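Dear colleague,

I am handing over the structure below, together with notes on what was found in it. Please read the notes with the coordinates open beside them.

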Amino acid sequence: MSMVKRKSVKKTKMLQLPEGTTSIFVTTQVEGIHYWSKAWKDKLLNVNYLKHPHRHMFHLKLELQVYNDDRELEFLVMKRWLNIIGQKIFGDLAHLKPIPMSCEMIAKEILKEVQKFVSSLDDDRIRSASCEVSEDGENGAIVSVMFCRWS
Ligand SMILES: [Zn+2]
């Protein structure tokens, strides 16, 4: 029995993970009002109301590839930054502006800001990023892209 145990310990020490990628993610929620002027006109499904401004708590999740395990990008700073981007899109709480954007469009808008950030880094490596935007945490969109400094 001890021989079996010793063998497994030895294997554990030599175990190495296969090559892969590491990403960090941050999440936040922002209040927003949006509408979709091209909402389906299906009487049976009755989603025509989506063309009128309506409120959601938009759940945002941003994932960005990192190259070391020692907080290359600080979660808390990224989260605050994501909040600022959210307010830039929806307006601050005192001045919410109805926006004609879907979750897909909002995710792409957020990723444009991430692209500016990645371009500002002194680093030519490619980074994957993905942004998830949902309406009240229920349904939404995920957009994934690859960034490099010169893109
Ligand atoms: Zn909606």
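Thr22 has Val66 in strand 2 as its bridge partner, and this pair belongs to an antiparallel arrangement in which strand 1 and strand 2 are joined by 13 bridges. Please bear in mind throughout that this is a predicted model, and that every value below was computed from it.

The sheet

The pairing of strand 1 with strand 2 is part of an open sheet of 4 strands, whose order is 1-2-3-4 and whose pairing is antiparallel. Its edges are formed by strand 1 (22-34) and strand 4, each of which pairs on one side only. On average, and with direction ignored, neighbouring strands of this sheet are turned by 15° against each other.

Strand 2 (residues 54-66) also pairs with strand 3 (residues 127-135), in the antiparallel sense and over 7 bridges, and within this part of the sheet Phe58 stands opposite Glu135 of strand 3. Strand 3 is in turn joined by 9 bridges to strand 4 (residues 139-147), the two running antiparallel. Two pairs will help you to find the register here: Val133 stands opposite Ala141 in strand 4, and Ser128 has Met146 in strand 4 as its bridge partner.

The helices on the sheet

Helix 2 packs on the sheet, where it touches strand 1 and strand 2, and its direction makes about 30° with that of strand 1. Helix 3, for its part, lies across strand 2, strand 3 and strand 4, and runs at about 150° to strand 3.

Does the length of helix 3 agree or disagree with what its number of residues would suggest? Helix 3 (residues 103-120) has 18 residues, which at 1.5 Å a residue should span 26 Å, and because its end C-alpha atoms are 26 Å apart, the two values agree.

The buried residues of helix 3 are Cys103, Ile106, Ala107, Ile110, Leu111, Val114 and Val118. They cover an arc of only 135° around the axis, and therefore lie on the same side of helix 3. As a general point, an α-helix has 3.6 residues a turn, so residues three or four places apart point the same way. On the other side of helix 3, Lys112, Lys116, Ser119 and Ser120 are exposed, whereas the buried residues of this helix pack against strand 2, helix 2 (75-90), strand 3 and strand 4.

The nonpolar core

Which residues touch the most other members of the largest nonpolar core? They are Leu62 and Ile110, in a core that holds 21 residues. At least two residues of this core are supplied by each of strand 1, strand 2, helix 2, helix 3 and strand 3, and helix 3 gives the most, with 7 residues. If neighbours within four places in sequence are left aside, Leu62 is in contact with Phe25, Val26, Met78, Leu82, Ile110, Val114 and Cys131; of these partners, Ile110 and Val114 are also among the buried residues of helix 3.

The loops

Two residues other than glycine deserve a look for their backbone angles. Arg71, in the loop between strand 2 and helix 2, has a positive phi near 55°. Arg71 counts as exposed because 11 other C-beta atoms lie within 10 Å, the limit for an exposed residue being 12 or fewer.

Asp136 is placed in the loop between strand 3 and strand 4, and its phi, near 60°, is likewise a positive value in a residue other than glycine. The hairpin to which Asp136 belongs has 3 residues between strand 3 and strand 4. Asp136 has 12 other C-beta atoms within 10 Å and is therefore exposed.

Leu121, finally, is found in the loop between helix 3 and strand 3, and it counts as partly exposed because 13 C-beta neighbours lie inside 10 Å. Leu121 and Asn48 are 73 residues apart in sequence, and their C-alpha atoms are 44 Å apart in space.

With kind regards

Note on methods. Residues are numbered from 1 along each chain as its sequence is written. This is a predicted model: local features need pLDDT of at least 70, side-chain atom pairs count only at pLDDT 80 or more; totals for chains, interfaces and linings use all residues. Two strands pair if DSSP finds at least two bridges between them. The expected span of a helix is 1.5 Å times one less than its number of residues. A residue is buried if 20 or more other C-beta atoms lie within 10 Å of its own, exposed if 12 or fewer, and partly exposed in between; C-beta atoms are placed from the backbone. The arc is that of the directions from the helix axis to the C-beta atoms. Two residues are in contact if their C-beta atoms, placed from the backbone, lie within 7 Å. Axes are lines fitted to C-alpha atoms, for helices over the stretch in contact, and angles run from 0 to 180 degrees between N-to-C directions. A nonpolar core is a set of buried Ala, Val, Leu, Ile, Met, Phe, Trp, Tyr and Cys residues joined through C-beta atoms within 7 Å.
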